[in-house]
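Trainee: Got a minute to go through this one with me? I'd like to start with the charged pairs.
Mentor: Sure, put it up.

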There are 2 protein chains.
Amino acid sequence: MSDRKPPKLPLGASSDAEKSRAAAWFEELRDTICAALEALEDTYTDSDMPGADLPAGRFERKAWQRPEGGGGVMSVMRGRVFEKVGVNISTVFGEFPADFAAKVPGAAEDPSFWASGISLVAHPTSPLVPTVHMNTRHIVTASQWFGGGADLTPMIASDVDRALFHAAFKEACDEHDPDYYPRYKEWCDEYFYLPHRDESRGVGGIFFDYLNTGDWQADFEFTQDVGRTFLNIYPEVVRHHMQEPWTPEQREQQLVKRGRYVEFNLLHDRGTQFGLKTGGNVEAILMSMPPAAKWP
Amino acid sequence: MSDRKPPKLPLGASSDAEKSRAAAWFEELRDTICAALEALEDTYTDSDMPGADLPAGRFERKAWQRPEGGGGVMSVMRGRVFEKVGVNISTVFGEFPADFAAKVPGAAEDPSFWASGISLVAHPTSPLVPTVHMNTRHIVTASQWFGGGADLTPMIASDVDRALFHAAFKEACDEHDPDYYPRYKEWCDEYFYLPHRDESRGVGGIFFDYLNTGDWQADFEFTQDVGRTFLNIYPEVVRHHMQEPWTPEQREQQLVKRGRYVEFNLLHDRGTQFGLKTGGNVEAILMSMPPAAKWP
């Protein structure tokens, strides 16, 4: 899911035990993230901002099946801190279409694949609380790899949020490999970019793909740490701003910025385009769309 | 701008006089359409619907230059009947990129082109007034042709609007060739379709392209009649509904339907994708985006 050419990866699929561990982790991470975001809904206290009079939001889950094999569970919360936040987990398997398989490591000879992952997009009500995206996944063909990342999109620029978010992911990366953070930060900046506007989608974060060092356990642990880091840092960023009053002008700025988010997802995001063009679950794929956006 | 394969067209470029006539017509059509839509703003009378207290809208014009040759003028009105309506005219020339030229009639050997046209998208404030799109154009390579059409997207289904719109275009088509309406109606239905949702964008209209019967004058007159038909029928449809009261639920339905419009334009519309990916004028290309949309 990047413009970079997929590398040749060592052959050797993950074992069934490894696949189970990865899928179970994504599910566990989903549960802890949902609990953490629901806790933010609970700790929101009185204010006179729109949405403040709503009850604390709760995630609603909806399972879906993929006719060709596997399925997933969407969790969506429409609350007072989060105007809309979606967390999708899925474990799917089958065969890639021939033209696609040719471009996927380990799938040129045998198009069979197994893929499991979690993806999240949060659209907070307050324009002062940044939008965020996080995704981690494990893909298995005749080879296997991990991918994912997290990136922050403040609606109103905040150097503090940007610095906090990057510092957290730098620390997580550095514990695994000093090369990870600079590479994955750059990759993120390259990917979340709107060429037609010559604008970045947000302030970045990290983006990695085709991670296969030959040490499954180490790669899995790194992927887990990306999820844990998100779980630590994003609620902290939210707490810094969720009680702050905001103005109608800031809300307007947020809605326009969300329009850019829509443009990125529909024009450039390869996961979205691939999913929609190959008959994926539309509701799950478009869960990332903002609840409201403007092109004034 | 359709999935249909471009036909082989007779060679023979339009003369400079023909090009001037076409470009002058698109400009004249823009002027009469803008005047007609401003007149609707003027005739809107008191109501307690949102927007009713705004002054009658007026188009604002903004010229843009294309560094590679030519340019255009955007006209945008943000009024009380029309939340946002954009009318763009442009006359551009230069050379198609090689990979694109190969697919364009008459451009395989010589990538030079000249193109002039008008395009309009209207997003009315009231959910009871249908959204509309109209576009006509003349393209000249070593061959030449006309293309365009108009299609209606009611936010709330109305059999009357649909029937009126189709009857008007059938009548206009039938005066030129009895084959035009059935062919161009079907082409429109095929084109304005969201495969990922298995939904039509609206209720259709007509869509034609590569029109070159060998009689430039006849083809030009048909293209003019498509513009004139739009000018007659759309304001009539608007007048039927513009004073009707609407509910917040209908407004919500409109905003969600507009989200589909965004999806079509960014995911499927070839003009939009081509324009954005080849460095066209972003503001002019995205003038078609609705002022507000929802994905609840």
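Trainee: Where do R228(A) and D225(A) lie?
Mentor: Both are in helix 5 (residues 216–241) of chain A, three residues apart, about one turn of the helix. Keep in mind that this is a predicted model.

Trainee: And how far apart are the closest N and O atoms of R228(A) and D225(A)?
Mentor: They are 2.7 Å apart, and the two residues form a salt bridge.

Trainee: Buried or exposed, what do we call D225(A)?
Mentor: D225(A) is buried, at 18% relative accessible area. Its partner R228(A) has 35%, which makes R228(A) partly exposed.

Trainee: What about E38(B) and R58(B), how do their side chains meet?
Mentor: In a salt bridge, with 4.0 Å from N to O. E38(B) sits in helix 1 (residues 16–43) of chain B, while R58(B) is in the loop between helix 1 and strand 1 (60–65) of chain B, so this pair ties together parts that are 20 residues apart in sequence.

Trainee: And the accessibility of E38(B)?
Mentor: E38(B) has a relative accessible area of 19%, and the cut-off for buried is under 20%, so E38(B) counts as buried. R58(B) is partly exposed at 39%.

Trainee: Which parts does the pair R260(B) and E199(B) tie together?
Mentor: The side chains of R260(B) and E199(B) meet in a salt bridge of 3.2 Å, N to O. R260(B) belongs to helix 6 (residues 248–268) of chain B and E199(B) to strand 8 (residues 199–200) of chain B, so the parts they link are 61 residues apart in sequence. E199(B) is partly exposed, with 25% relative accessibility.

Trainee: Which residues do salt bridges that share partners join into one network?
Mentor: R30(A), D31(A) and R61(A) are joined that way.

Trainee: How many salt bridges are there over all chains?
Mentor: A search of the whole structure gives 34.

Trainee: OK, new topic, the two chains. How does chain A lie on chain B?
Mentor: A turn of 180 degrees with a shift of 0.0 Å along the axis lays chain A on chain B, and the RMSD is 0.0 Å. The two copies are thus related as by a two-fold rotation axis.

Trainee: Through what surface do the copies meet?
Mentor: Through the same surface, because 100% of the interface residues of chain A are also interface residues in chain B. Chain A puts 21 residues into the contact and chain B puts in 21 residues.

Trainee: What area do chain A and chain B bury between them?
Mentor: About 1,900 Å², with 67% of it on carbon and sulfur atoms.

Trainee: How many salt bridges does the rule find across that interface?
Mentor: Zero between chain A and chain B. There are, though, seven residue pairs in polar contact across the interface.

Trainee: Which elements give two or more residues to the side of chain A that touches chain B?
Mentor: Helix 6 (248–268), helix 7 (270–277) and strand 10 (292–294) of chain A. Helix 6 of chain A gives the most, with four residues. By class, that side of chain A has 13 nonpolar, two polar and six charged residues.

Trainee: Since helix 6 came up, what does N265(A) touch?
Mentor: N265(A) is in helix 6 of chain A. Leaving aside residues up to four places away in sequence, N265(A) touches R201(A), T272(A), S288(A) and M289(A). With R201(A), the contact is a polar one between side chains, at 3.0 Å. N265(A) is buried, with a relative accessible area of 4%.

Trainee: And D209(B), which side chain joins it in a polar contact?
Mentor: The side chain of R137(B), at 3.5 Å. D209(B) is in strand 9 (residues 204–211) of chain B and counts as buried at 5% relative accessibility.

Trainee: Last bit, backbone. What is the phi of Y210(A)?
Mentor: Positive, about 55 degrees, although Y210(A) is not a glycine. Y210(A) lies in strand 9 (residues 204–211) of chain A and is buried, at 14% relative accessible area.

Trainee: And where is D198(B) found?
Mentor: In the loop between strand 7 (193–194) and strand 8 of chain B. D198(B) also has a positive phi, about 50 degrees, although D198(B) is not a glycine. With a relative accessible area of 60%, D198(B) is exposed.

Technical notes. Residues numbered from 1 in each chain as written. Chains lettered and ligands numbered in written order. Predicted model: local features only at pLDDT ≥ 70, side-chain atom pairs only at ≥ 80, totals over all residues. Heavy atoms only, no water. Buried < 20%, exposed > 50% of the residue type's maximum accessible area, 1.4 Å probe, protein only. Least-squares fit on C-alpha atoms with pLDDT ≥ 70 in both. Contact = heavy atoms within 4.5 Å. Buried area = accessible area lost by both parts, 1.4 Å probe. Polar contact = N/O pair within 3.5 Å; in protein donor to acceptor, adjacent residues only side chain to side chain. Nonpolar A, V, L, I, M, F, W, Y, C, P; charged D, E, K, R; others polar.
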